[in-house]
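Got your viewer open and ready to select things? Here's a walk through the model, stop by stop.

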Amino acid sequence: MSKPLSVEALTSGYGDVPILTGLSMRIEAGSSMAVLGRNGVGKTTLLLSILGLITQHSGSITLGDLRLERMLPFRRARSGLALVPQEREIFPSLTVDENLAVAQRHGQWSATDIYELFPPLARRRRNLGDRLSGGEQQMLALGRALVTNPHVLLLDEPFEGLAPVIVDVIVEALQAVRKRSGLTSVLVEHRTDLALEITERAMILDHGAAVWEGASQALALRTDLLASLIGLDATGAETKQGTKHAAV
Ligand SMILES: Nc1ncnc2c1ncn2[C@@H]1O[C@H](COP(=O)(O)OP(=O)(O)OP(=O)(O)O)[C@@H](O)[C@H]1O
C-alpha cells in the first residue's frame with residue numbers, strides 16, 4: 001500500500017553545515033516526483049534527510065500520518081522507506097538469491113516477482129554480488145528495495161553509468177512496478193528527459209531550496225527553465241556547467 005510523503009520546512013545537512021534550507025514538498029500516495037537540478041544542489045541530501053542519515057536542524061517529515069523526523073534510520077526503513085542507492089551497494093559476498101532474501105519482508109513483492117521483472121537476474125541467481133554486471137547490479141538494487149515491500153521508493157540516479165539498452169530495461173521495470181503496486185516514489189536523476197517521462201510531478205532544486213515545482217509534462221515543455229535552472233541546452237543535453245554527466 002502506498003502512502004503520501006511530506007517534507008515541511010526542512011533544514012538539514014552534514015554536521016552543523018545546512019545544505020537544504022527550509023525545503024518543503026508533498027508527494028501524494030501512489031504519485032511520483034522527479035527531483036532535478038545541477039550538481040551539488042542537494043538532491044542526494046534530500047533523500048538522506050528523509051532516511052534520517054544526516055543531521056536535521058528543523059522541519060518535519062511525514063509518511064502517511066507517521067512523523068519520521070525523530071525516528072532512527074532503521075525505524076524509518078521499517079516504516080516503509082526503501083532506497084535504491086546511487087552506488088547500488090549490493091552485498092558482494094552474497095548471491096543474488098541471498099541479497100534478496102536478507103531484504104525480504106512480508107508483502108506483495110517476493111524474489112519470484114523480481115525474477116519475473118528481470119529475467120536476466122533470474123539466470124544469475126546463484127552468482128555472487130560482485131560477479132554481476134553494472135546493469136544486473138542495478139536490477140538487483142531495485143529488486144532488493146522492492147522486496148522490503150515499501151510504501152515509498154527513493155531512487156538515487158538509477159540510470160547512471162548504464163548502457164542505453166539497460167536504461168530501457170530499468171525504465172520499463174519502473175513503469176511496471178508503478179502500474180502493479182502504485183508505489184509512491186522519489187526519483188533523483190540527471191537524465192531529465194527520462195525522469196520527466198516516467199514521473200507525474202517534478203521539483204527543481206537550487207542551492208538547497210526548491211525553485212520550481214509542477215507537473216512533469218509541463219516542465220518537459222519549458223526549455224527556458226530547463227536551460228536556466230538545470231543547464232540543459234536546446235537538444236536536452238546537459239551543458240558542461242550543468243553536470244558531471246555531460247559525456248554520458
Ligand atoms: N558527506 C558530506 N559532507 C559534507 N558535505 C557534503 C557531503 N556530501 C555532500 N556534501 C555537500 O552537500 C552539497 C549537496 O550535495 P548533494 O550530494 O546532495 O548534491 P546533488 O544535488 O545530489 O549532486 P549530484 O547531482 O552531483 O549528485 C554539496 O555542496 C556537497 O559538496
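What follows is a tour of the ligand, two sheets and some helix packing. Keep in mind as you click around that this is a predicted model.

**Stop 1: the ligand**

Start with the ligand and bring up its surroundings: Tyr14, Ile19, Gly37, Asn39, Gly40, Val41, Gly42, Lys43, Thr44 and Thr45. Which helix gives the most to this shell? Select residues 43–51: that's helix 1, and it supplies 3 residues, the most of any element. Now colour the shell by class, and you should count 6 polar residues, 3 nonpolar and 1 charged.

**Stop 2: the four-stranded sheet**

Next, show the open sheet of 4 strands, where the order is 2-1-4-5 and the pairing is antiparallel. Its edges are strand 2 (17–27) and strand 5 (66–67), each of them paired on one side only.

Select strand 1 (residues 5–14) together with strand 2: these two run antiparallel and share 7 bridges. To see one of those pairs, pick Leu5 in strand 1, whose bridge partner in strand 2 is Ile27. Then move to the turn. Strands 1 and 2 make a hairpin with 2 residues between them, and Gly15 in that turn has a positive phi of about 65 degrees.

Over at the other edge, pick strand 4 (residues 55–63) and strand 5, which pair in the antiparallel sense over 2 bridges. Click on Thr62 and look for its bridge partner in strand 5, Arg67.

**Stop 3: the six-stranded sheet**

Hide that and bring up the other open sheet: 6 strands in the order 6-7-8-3-9-10, with mixed pairing. Strand 6 (81–84) and strand 10 have a single partner strand each, so they stand at the edges with one side lacking a neighbour in the sheet. Ignoring direction, neighbouring strands here are turned against each other by 20 degrees on average.

For a parallel pair, select strand 7 (residues 152–156) and strand 8 (residues 184–188), joined by 5 bridges. Zoom in on Asp156 and you'll find Val188 of strand 8 opposite.

For an antiparallel pair, go to strand 9 (residues 201–206) and strand 10 (residues 209–215), which are linked by 6 bridges. Met203 has Glu213 in strand 10 as its bridge partner. How many residues lie between the strands in the hairpin of strand 9 and strand 10? There are 2, and His207 in this hairpin takes a positive phi near 50 degrees.

**Stop 4: helix 6 and its neighbours**

Keep the sheet on screen and add helix 6 (residues 134–146). Helix 6 lies across strand 6 and strand 7, and runs at about 175 degrees to strand 6.

Now add helix 3 (residues 96–103), which packs with helix 6 at an angle of about 25 degrees, the axes being 8 Å apart. That angle makes the two helices, 3 and 6, roughly parallel. Helix 3 passes helix 6 in a right-handed crossing. To view the contact, select Val96, Asn99, Leu100 and Ala103 from helix 3, along with Leu140, Gly143 and Arg144 from helix 6. This contact has 4 nonpolar, 2 polar and 1 charged residues.

Then swap helix 3 for helix 7 (residues 164–181), which packs with helix 6 at about 15 degrees with the axes 10 Å apart. Are helix 6 and helix 7 roughly parallel or roughly antiparallel? Roughly parallel, given that angle. The crossing of helix 6 past helix 7 is right-handed.

Select the residues that meet here: Gly135, Gln138, Leu142 and Leu146 on helix 6, and Ile166, Ile170, Ala173 and Val177 on helix 7. Coloured by class, this contact shows 6 nonpolar and 2 polar residues, and no charged ones.

Conventions. Residues numbered from 1 in each chain as written. Predicted model: local features only at pLDDT ≥ 70, side-chain atom pairs only at ≥ 80, totals over all residues. Near = placed C-beta within 6 Å. Nonpolar A, V, L, I, M, F, W, Y, C, P; charged D, E, K, R; others polar. Axes fitted to C-alpha atoms, helices over the stretch in contact; angles between N-to-C directions. Parallel < 35°, antiparallel > 145°, perpendicular 65-115°, else oblique. Left-handed = near helix turned anticlockwise from the far one by under 90°. Contact = placed C-beta atoms within 7 Å. Pairing = 2+ DSSP bridges.
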